[in-house]
Amino acid sequence: MPQSKPRGGAASSKDSKYDLGKISARVDRVHVSGLLRTHNDYVMRAADGLFKADNFQDVMLEAMSTKAYLHELGIFKDVSVHIDVSRGADASPQGYEVTFKGNEYSRMMGSAGTEVGQNEGSLRTELTVPNILGRGESISLQGSYSNTRANDLQLKFWKPFFHTRFRENRPEFSFSIFRQTDRFDISSFQSTNVGYLIDFSAHSSLGVDLTHSLQYENSIRNVGLLNKSVPFGIREHCGPKLASLVRYSVVFDNRDANVFATRGILLKSTNEYCGLGGNVAYTSSTAHGEVNVPLFSGFVAQFCGRVGIVKETKQTTLLPISSLFYCGGPMTLRGFKYGGAGPVVDGTPIGAQTYWCTGAHLWAPLPFAGVFKSLASNFRTHFFYNIGNTNTFSLENMRSAFGMGLAFKFADRARIEINYCIPVRRQATDKVLNGFQFGIGYEFI
């Protein structure tokens, strides 16, 4: 970041340094250049913090904070910062001018790449028209394809309100029209949802930083069979149904990393009520937690847990099978196949109304990690023990497994695991996997 020499106090020897916090300074003017389609009022609040700075160190810190804020507005590809002494008849003795030079996004952008889901990878393409009305409003057409479980197509419009007086809460509104297909091969059916989604999200920081999301969804859910030899317990769910629901989720996350966290807590809760219209009715609640405790020499103890429950309402005639919980697999209960630790009908897993699972991990760096620091930082080894159960919260007949494995950090968002699993407790109808198990995702137990 180019900058001028600070006015005031100089160093008296080669080894001494400026104490920028003791150098008086104030910002006289702020310029934001590069605005082509963007309205001026959309960036007006960017400089609020700069005008409160009273020393040169605060000026530099607030300049970088403002740069990050301009990026967050979603209108610039890149932003550069230039700090210079203030000039002109109205310049103050310790005054500076700060200039932000932005390069706006083009009128249309496209991207293609891979996306990581829960134990699946997909090809994803996106076409975006950013900042269409000059205040951060954007439209995107997104599509993803996976040969295992989910395929999506979505047309989305979103509008941020970061430029308002609620800037600290980062509110955002979006409206989406979507078509989503989920395959449940273990139960021989697939669910196709077509509808629209209205979402409002915001942050709150009243002592605790929380991320909130309130959604309304209206969709047609169509369940179809993947083969002819499917039990009646699944066949009775087939056909289109209209679902109208409201969903609220809240997240608390103070971990120091998304993938290989060494300290911090993650708490996530989602509550859903369906039955505002249509012929599908239920209530659903899920919660996920993660606690990381640093030990010694890079070792970390991690404790995870997840619980879910779906219940009937007075309007319920049949709980939708696509809203039931599938326990088992590398994301929930290692040592079991996906959905292999739950109730079955005529030998076919059908999902559970309640489930819970927990995991205890001891994470460790690779041996000789100090020699290959850049490479080894992307790998961890771990020992784990998982327990869980379905349709009951008791410890009787619970499932459990333990083992060890190697994990790889993928793009700072997801991780890939290769584990050797040994199931300890199981039920007669469970589908276990004794040996190596592969998993890829962003939220593990």
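1. A residue counts as buried when its relative accessible area is under 20%, and as exposed when that area is over 50%. In this predicted model, serine 144 has a relative accessibility of 12% and therefore counts as buried. Serine 144 belongs to strand S6, which covers residues 138-145. Although 30 residues separate serine 144 from threonine 114 in sequence, their C-alpha atoms are 8.7 Å apart in space.

2. The next point concerns enclosed space. Rolling a probe the size of a water molecule over the atoms shows where empty space is left. When the whole structure is searched, two cavities of 30 Å³ or more are found, and the largest of them has a volume of about 120 Å³. Strand S10 (209-225) and strand S11 (239-253) are the elements that give two or more residues to the lining of this largest cavity. Among the residues that line the largest cavity are Arg221, Val223, Gly239 and Lys241, together with others further along the chain, including Asn279, Thr317, Leu318 and Ser322. Sorted by class, the lining of the largest cavity consists of five nonpolar, five polar and two charged residues.

3. The second largest cavity holds about 40 Å³ of space. The residues that line this second cavity include Phe325, Tyr326 and Cys327, as well as Gly339, Pro343, Ile350 and Thr390. By class, the lining of the second largest cavity has eight nonpolar and four polar residues, with no charged residues.

4. Aromatic side chains deserve a separate look, and the search of the whole structure finds 11 aromatic pairs. One of these pairs joins phenylalanine 184 and phenylalanine 189, whose ring centres are 4.7 Å apart with 15° between the planes, so that the pair counts as stacked, for which the planes must be under 30 degrees apart. Both phenylalanine 184 and phenylalanine 189 are buried. These two residues also belong to one aromatic cluster with Tyr326 and Tyr338, and Tyr326 is in addition one of the residues that line the second largest cavity.

5. Charged groups are placed over aromatic rings at two sites described here. The charged end of lysine 156 sits over the ring of tryptophan 158, at 5.6 Å from the ring centre. At the other site, the charged end of lysine 159 sits over the ring of phenylalanine 161, at 5.5 Å from the ring centre.

6. Backbone angles come next. Most residues other than glycine have a negative phi. Serine 297, which is not a glycine, has a positive phi of about 50°, and serine 297 lies in the loop between strand S13 (282-294) and strand S14 (300-311). Is serine 297 buried or exposed in that loop? Serine 297 has a relative accessible area of 63%, and because the cut-off for exposed is over 50%, serine 297 is exposed. Asparagine 397 likewise has a positive phi, of about 55°, without being a glycine, and asparagine 397 is placed in the loop between strand S18 (379-390) and strand S19 (399-410).

7. As for annotation, an unreviewed UniProt entry carries the label "domain: POTRA" for residues 25-103. In the model, the chain over residues 25-103 is 22% helix and 34% strand, and the C-alpha atoms at the two ends of residues 25-103 are 28 Å apart.

Terms used
Residues are numbered from 1 along each chain as its sequence is written. This is a predicted model: local features need pLDDT of at least 70, side-chain atom pairs count only at pLDDT 80 or more; totals for chains, interfaces and linings use all residues. Side-chain values use heavy atoms; hydrogens and water are left out. On a 1 Å grid over the protein atoms alone, a cavity is a set of points where a 1.4 Å probe fits but cannot get out, and a pocket is an open set with protein on both sides within 12 Å along at least five of seven lines; lining residues have an atom within 4 Å of a point. Grid points are joined across faces, edges and corners, and a volume is the space filled by probe spheres set on the points. Helices (H or I, at least four residues) and strands (E, at least two) are DSSP runs, numbered from the N terminus. Ala, Val, Leu, Ile, Met, Phe, Trp, Tyr, Cys and Pro count as nonpolar, Asp, Glu, Lys and Arg as charged, and the others, Gly among them, as polar. Rings of Phe, Tyr and Trp (its six-membered ring) pair if their centres lie within 6.5 Å; planes under 30 degrees apart count as stacked, over 60 as edge-to-face and the rest as tilted. Buried means under 20% relative accessible area, exposed over 50%, partly exposed in between (1.4 Å probe, protein chains only). A charge sits over a ring if NZ of Lys or CZ of Arg is within 6 Å of the ring centre and within 35 degrees of the ring normal. UniProt positions are given in the numbering used here, feature names are shortened, and annotations may be inferred rather than shown by experiment.
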